[in-house]
Amino acid sequence: MVALPLVLPFAELEVGQHLYWQLGNFKIHGQVFLSSWVVIGALLALVVAGTRKLSRDPQGTQNLLEFLWDYIRDLTREQIGEKAYRDWLPFIGTLFLFIFVSNWGGALVPWKLIHLPSGELGAPTADINTTIALALLVSLAYFYAGLSRKGFRYFEYYVEPTPIMLPFKIVEDFTKPLSLSFRLFGNILADELVVAVLAFLVPLVVPLPAMFLGLFTSAIQALIFATLAAYYIGEAVHEEQH
Amino acid sequence: MTSWLLLAEAGAPEGGLFDLDATLPLMAVQIVILTFILNALFFRPVGRVVEEREDYISTSRAEAKQKLAQVERLETELKEQLKEARLHTQKLILDAEQESDSLYRDALATATAESNASREQARREIDSQRESAMTQLQGDADQLGDLIVDRLLAATK
């Protein structure tokens, strides 16, 4: 793989360059982990600050957390259904919050001020490894959800409503994580690239609409990812009406 | 920039957009851990608080509704009682009016009867006195007539 040949006179855009850390025999992308730690730290700080003293009359940050909780509960309940949503609320909620904070962090935090030897900091979700990890977790989650709730009857889902659906349902198991991961990855990376290119070409004012659009896209992508994950789990635990 | 970042930097500059490596499983593990942490710190406690409040609100609402129903029931009961009391007083007034009326009538009837009786008696007395006066007058007249006849007869003799 090579970096995209962006031949702009004064743009030095780094695409596909990573800060490699050696971990035993494995290499990992250091910049992804650094920014993900920042994201996780911000999330945990918010959560700890908001849940320090919970009360029936919410105050300050507790309001925000309750709003988020309510929002995630509505999302999961709508997609997974009344019976099973409780088990999956934390997972869907974590996906949503992590992706959302990652995307917005990538757009709002001035990462460029921190110079790395190689690669650059940005949204953790702009790295294909992160999005594939998230998408595979979703796959595991819906398999686990279906199998634990229905046992081997879960596989009836593949031949419903007719056995003709079998190949399509099998293909779906592969396309689901693929589309999940590439949708998120593509949107966030493209957004960062557009903003970066515009910022290099015209450093003032012009990138602002693209930045706002990016914030919007980021939020929407987090919602889409969480909703689809919940929908897949809901599909797996759904009981056919016989 | 910190120096340990430099130290940790690996030599072979590969790269590319689709560079898959150990970042993937580590990130997955990180997300799973984050899920558990957020579940313990966020979803469970906040969910408990929110649901406790929802319970509290719904029970208070139910209680308030019950109380309202009770109040309405009492109100209708009291209205019923009020209506009954009104009817009762009206009946009492009517009874009293009727009673006084009949008393008045009775008194009037008695008085009329009494006066009639005393008038009748007076008339009868007058009649009897007139009768006796007439008989006495008749006797007197007869006596006088006899006396006149006697005197005249004696004169002629």
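**Notebook: chain B against chain A**

I began with one pair: the side chains of E51(B) and R86(A) form a salt bridge, with N to O at 2.1 Å. The model is predicted, and I treat each value below as computed from it.

*Entry 1, polar links.* I then looked up the full set of such pairs, and the rule returns three salt bridges across the interface of chain B and chain A. For polar contacts across this interface I noted 15 residue pairs, with both residues of each pair at pLDDT 80 or more.

*Entry 2, elements on the chain B side.* I asked which elements of chain B give two or more residues to the side that touches chain A. They are α1, residues 3-8, and α2, residues 23-156. I recorded α2(B) as the source of the largest share, 25 residues. By residue class, I found this side of chain B to hold 28 nonpolar, seven polar and seven charged residues.

*Entry 3, extent of the contact.* I looked up how many residues each chain brings: chain A contributes 59 residues and chain B 42. The size of an interface is often expressed as the accessible area that is lost when the parts come together. For chain B and chain A I noted a buried area of about 4,700 Å², with 74% of this area coming from carbon and sulfur atoms. I also noted that L17(B), F18(B) and F43(B) supply 13% of the area that chain B buries against chain A, which is more than any other three residues supply.

*Entry 4, chain B as a whole.* I counted the secondary structure of chain B as two helices and zero strands. Its radius of gyration is 64 Å, whereas the globule rule gives 15 Å for 157 residues; the value is well over the rule, so I describe chain B as more spread out than a compact globule. The C-alpha trace of chain B spans about 210 × 25 × 25 Å along its principal axes. I recorded 16% of the 157 residues in chain B as buried.

*Entry 5, a residue of chain A.* I turned to Q62(A), which lies in helix α2 of chain A, residues 61-80. Is Q62(A) buried or exposed? I classed Q62(A) as buried because its relative accessibility is 2%, and the cut-off for buried is under 20%. Leaving aside residues up to four places away in sequence, I listed the contacts of Q62(A) as G50(A), K53(A), L54(A) and S55(A) in chain A, together with V49(B) and R53(B) in chain B.

Methods: Residues numbered from 1 in each chain as written. Chains lettered and ligands numbered in written order. Predicted model: local features only at pLDDT ≥ 70, side-chain atom pairs only at ≥ 80, totals over all residues. Heavy atoms only, no water. Contact = heavy atoms within 4.5 Å. Buried area = accessible area lost by both parts, 1.4 Å probe. Salt bridge = Lys/Arg side-chain N within 4 Å of Asp/Glu carboxyl O. Polar contact = N/O pair within 3.5 Å; in protein donor to acceptor, adjacent residues only side chain to side chain. Nonpolar A, V, L, I, M, F, W, Y, C, P; charged D, E, K, R; others polar. Rg over C-alpha atoms; globule rule 2.2 N^0.38 Å. Buried < 20%, exposed > 50% of the residue type's maximum accessible area, 1.4 Å probe, protein only.
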